[in-house]
Amino acid sequence: MDMNQTQLGKAVKMAQRKISYIECGRYEPSIDDIIAFCRFFDVSSDDLLGLKKEKK
């Protein structure tokens, strides 16, 4: 989306440092964090987390 961590943080009401920690794996996002990202990017949590539906 051509935005930096500071811009994303403002959009989802998170500190830039927290965005950085999530990106590099130093911090696991909370459910509230995941919801904020899903709403901002207009995607499902499955899409955000990279989960694929498997055929049975």
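This report walks through the fold of one protein chain, then through a helix pair and a few residues worth finding in the viewer.

## The chain as a whole

Please keep in mind that this is a predicted model. The protein chain has 4 helices and 0 strands, and reading along the sequence gives the pattern α-α-α-α. Its C-alpha trace spans about 40 × 25 × 20 Å along the principal axes.

How much of the chain is buried? Buried residues make up 18% of the 56 residues. The accessible surface comes to about 4,900 Å², and carbon and sulfur atoms account for 49% of that surface. Among contacts with a separation of 6 or more, 27% are between residues 24 or more positions apart.

## Where H1 meets H2

A good place to begin is the pair formed by helix H1 (residues 5-12) and helix H2 (residues 16-24). The axes of H1 and H2 come within 8 Å and cross at roughly 110°. Angles from 65 to 115 degrees count as roughly perpendicular, and H1 and H2 are therefore roughly perpendicular to each other. On the H1 side, the contact is made by Gln 5, Thr 6, Leu 8, Gly 9 and Val 12. On the H2 side, Gln 16, Ile 19, Ser 20 and Glu 23 take part. Sorted by class, this contact of H1 with H2 has 3 nonpolar, 5 polar and 1 charged residues.

## Two buried residues in H3

Next, have a look at helix H3, which covers residues 31-41 and includes Phe 37. Is Phe 37 buried or exposed? Phe 37 counts as buried because its relative accessibility is 8%, and the cut-off for buried is under 20%. Leaving aside residues up to four places away in sequence, Phe 37 touches Leu 8, Val 12, Met 14, Ile 19, Ile 22, Asp 42 and Leu 48. Leu 8 and Val 12 also belong to the H1 side of the contact with H2, while Ile 19 is on the H2 side of that contact. As for Leu 48, its C-alpha is 8.0 Å from that of Phe 37, and the two residues are 11 apart in sequence.

Asp 33 has its place in H3 too. With 5% relative accessibility, Asp 33 counts as buried. Which backbone atom does the side chain of Asp 33 reach? The answer is the backbone nitrogen of Ser 30, at 2.9 Å. Beyond four places in sequence, Asp 33 touches Met 14, Lys 18, Ile 22 and Tyr 27. Met 14 and Ile 22 are thus named again, since both are also among the residues that Phe 37 touches.

## Two loop residues with positive phi

Finally, turn to the loops. Lys 13 sits in the loop between H1 and H2, and Asp 42 sits in the loop between H3 and helix H4 (45-49). Lys 13 is not a glycine, yet its phi is positive, about 60°. Asp 42 is not a glycine either, and its phi is positive at about 55°. Lys 13 is exposed, with a relative accessible area of 75%. Asp 42 counts as exposed at 70% relative accessibility, and this residue is also one of those touched by Phe 37.

The table below gathers the accessibility values of these four residues.

| Residue | Relative accessibility | Class |
|---|---|---|
| Phe 37 | 8% | buried |
| Asp 33 | 5% | buried |
| Lys 13 | 75% | exposed |
| Asp 42 | 70% | exposed |

Notes
Residues are numbered from 1 along each chain as its sequence is written. This is a predicted model: local features need pLDDT of at least 70, side-chain atom pairs count only at pLDDT 80 or more; totals for chains, interfaces and linings use all residues. Side-chain values use heavy atoms; hydrogens and water are left out. Axes are lines fitted to C-alpha atoms, for helices over the stretch in contact, and angles run from 0 to 180 degrees between N-to-C directions. Angles under 35 degrees count as roughly parallel, over 145 as roughly antiparallel, 65 to 115 as roughly perpendicular and the rest as oblique. Contact means heavy atoms within 4.5 Å. Ala, Val, Leu, Ile, Met, Phe, Trp, Tyr, Cys and Pro count as nonpolar, Asp, Glu, Lys and Arg as charged, and the others, Gly among them, as polar. Buried means under 20% relative accessible area, exposed over 50%, partly exposed in between (1.4 Å probe, protein chains only). Accessible areas come from the Shrake-Rupley method with a 1.4 Å probe; for residues, only the protein chains shown count as cover. A polar contact is a pair of N or O atoms within 3.5 Å; within protein, one must be able to donate a hydrogen and the other to accept it, and residues adjacent in sequence count only if both atoms are side-chain atoms.
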